[in-house]
Amino acid sequence: MKNSTLATKLMLAAIFLTVLIYFGVNLAAYFTDPYTTTVAYAYTGEEAVTVSGYVARSEEVLAGGGELVYSPRREGERVSAGGTVALIYQTAEALSEANILRGLEEQMDQLLYARSLAGTSQVRPDEETAAALLDFRQAAASGDLEEAVEQGSALRSAVLKRSYAYSGTEELDASIASLQGQIASLSASADPATTRVTAPQAGLFSSLVDGYEAILNPEMAETLTPSSFAAIASQPVSGAVGRMIYGKTWAFVCCMQTKDMGDMLVGDRLTLRFHKGLSRDMEVKVASISAEENGQRVVVFSSEKYLSLTTLLRSQSAQVIFHTYDGIRVPRSAVRVEQVPVTDEDGNILLDANGHEKTQPVTCVFTLWGELARRKPVRVLWQEDEYILVAPDDEYLNTLATEGGREGRRLRSGEQVITAAADLYDGKVIR
């Protein structure tokens, strides 16, 4: 019995010692292994600078007044000369009755549409309702309240049309007749003293008035200096129902450090990315650059695209993107310069006059190729503090003798790049 107990203890001690040795060896290997790797992956790098400035447009404030104002126009909607942009009511009761009348007229349009579909296939109303529901969901998820309200109205319209399209025409005709009576009654009692505000010229309507309309437009922006730019301030505006935006050009004016501008010149085309309010990159042209003042210059970027999307934008922070680079991102420590033998078209190493191998410096990274380290020639596209953006060096690869040799030396996204190693060379056994 005692012998059995002793044997068990010895066996457990041996197992414990084996496990301890195993973990000790692996731990030592972990701390003494001089090779570390990381995955290289496709990446887009940007040479950009962040600036703050103002969006400038050719604008005119529309005089009106009071709180009893209704506008039938959407933000950024194009209006012809003389077109109605707002209605001003004398009393709250008149505004309330007008809103009711507009609601009834909207319902009438929906009922007449449903009447035109009576007895036809129900596929179209179903598809319209599903599409309206999807649009409303997307608008709500994006956080655009104005768009959500508009899509919500469209959804209510689609649901009403669908419900009447499925029912018989008798109930529909009765609803239409009832609405006609209500509309006629309200129209007859409408307040005739309503003031109509119209567009002086054809342009885009905006409901927002911020006090910059008279002091910021593309032409005036080109006359600014760093001092006058710093003095820009909004002016108080009262009694306005909105503004009209004319032309097709808008501008972004900002003050930049001269050292951040590089070789930027008037006429260059760059990319502008606002930090808020507009979720897309825009190509802009450098319209003007002011004289230098205390190491700064006022730069005006102009564009003839997306004017209707900028109507609510004014004071903005943005990125000016000079260049964009698409390549493979690797750590800075992975990039090396190696002396590589020069070969002829057949892959034979060339010798100099003294019989020594000719070599040339090649920028490269080393990747794991099975258990071997393989040199991959690259050219540097862009550098940051912690990483470098590279691409295969096609000029060097074209000097290799075979297509297989060229493809085997081409760096690809997803490869394991060696970032730290001791005594590393092409073909060295790593694992």
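Tyr387 is buried in this predicted model, with a relative accessible area of 10%. Its ring partner Tyr43 is a bit less hidden: at 29%, Tyr43 comes out as partly exposed, because the cut-off for buried is under 20%. Tyr43 and Tyr387 make up one of seven aromatic pairs that turn up when the whole structure is searched. Their ring centres are 5.4 Å apart and the planes meet at 75°, so this pair is edge-to-face; the label applies because the angle is over 60 degrees. Tyr43 belongs to strand E2 (residues 41-63) and Tyr387 to strand E16 (residues 387-392), so the pair ties together parts that sit 344 residues apart in sequence.

There is a bit more going on around these two rings. Tyr41 joins Tyr43 and Tyr387 in one aromatic cluster. Tyr43 also has a charged residue for company, with Arg329 lying over its face at 4.8 Å from the ring centre. A comparable arrangement crops up at Trp369, where the charged end of Arg374 sits over the ring, 4.2 Å from its centre.

Strand E2 also supplies Tyr54, which pairs with Tyr212 in the loop between strand E7 (203-206) and helix H6 (218-221). Here, too, distant parts of the chain are linked, the two residues being 158 apart. The centres of the Tyr54 and Tyr212 rings are 5.5 Å apart, and their planes are at 40°, so this pair is tilted. Both residues count as buried: Tyr54 has a relative accessibility of 14%, and Tyr212 has 15%.

Away from the aromatic pairs, Thr310 is tucked out of sight in the loop that runs between strand E11 (296-303) and strand E12 (315-331). Its relative accessible area is 0%, so Thr310 is buried. What does Thr310 touch, leaving aside its neighbours within four places in sequence? The contacts are Arg57, Trp250 and Leu278.

The surface tells another story at helix H1 (residues 2-32), which is home to Leu12. With a relative accessibility of 51%, Leu12 counts as exposed, because the cut-off for that class is over 50%. Leu12 is part of a nonpolar surface patch whose other members are Met11, Ile15 and Val19. Together, these four residues offer about 380 Å² of accessible area.

Note on methods
Residues numbered from 1 in each chain as written. Predicted model: local features only at pLDDT ≥ 70, side-chain atom pairs only at ≥ 80, totals over all residues. Heavy atoms only, no water. Helix = DSSP H or I, 4+ residues; strand = E, 2+ residues; numbered from the N terminus. Buried < 20%, exposed > 50% of the residue type's maximum accessible area, 1.4 Å probe, protein only. Contact = heavy atoms within 4.5 Å. Phe/Tyr/Trp six-rings, centres within 6.5 Å; stacked < 30°, edge-to-face > 60°. Lys NZ or Arg CZ within 6 Å of the ring centre and 35° of its normal. Patch = residues over 30% accessible without salt bridge, like charges linked within 9 Å, V, L, I, M, F, W, Y side chains within 5 Å. Areas by Shrake-Rupley, 256 points an atom, 1.4 Å probe, with all protein chains shown as cover. Salt bridge = Lys/Arg side-chain N within 4 Å of Asp/Glu carboxyl O.
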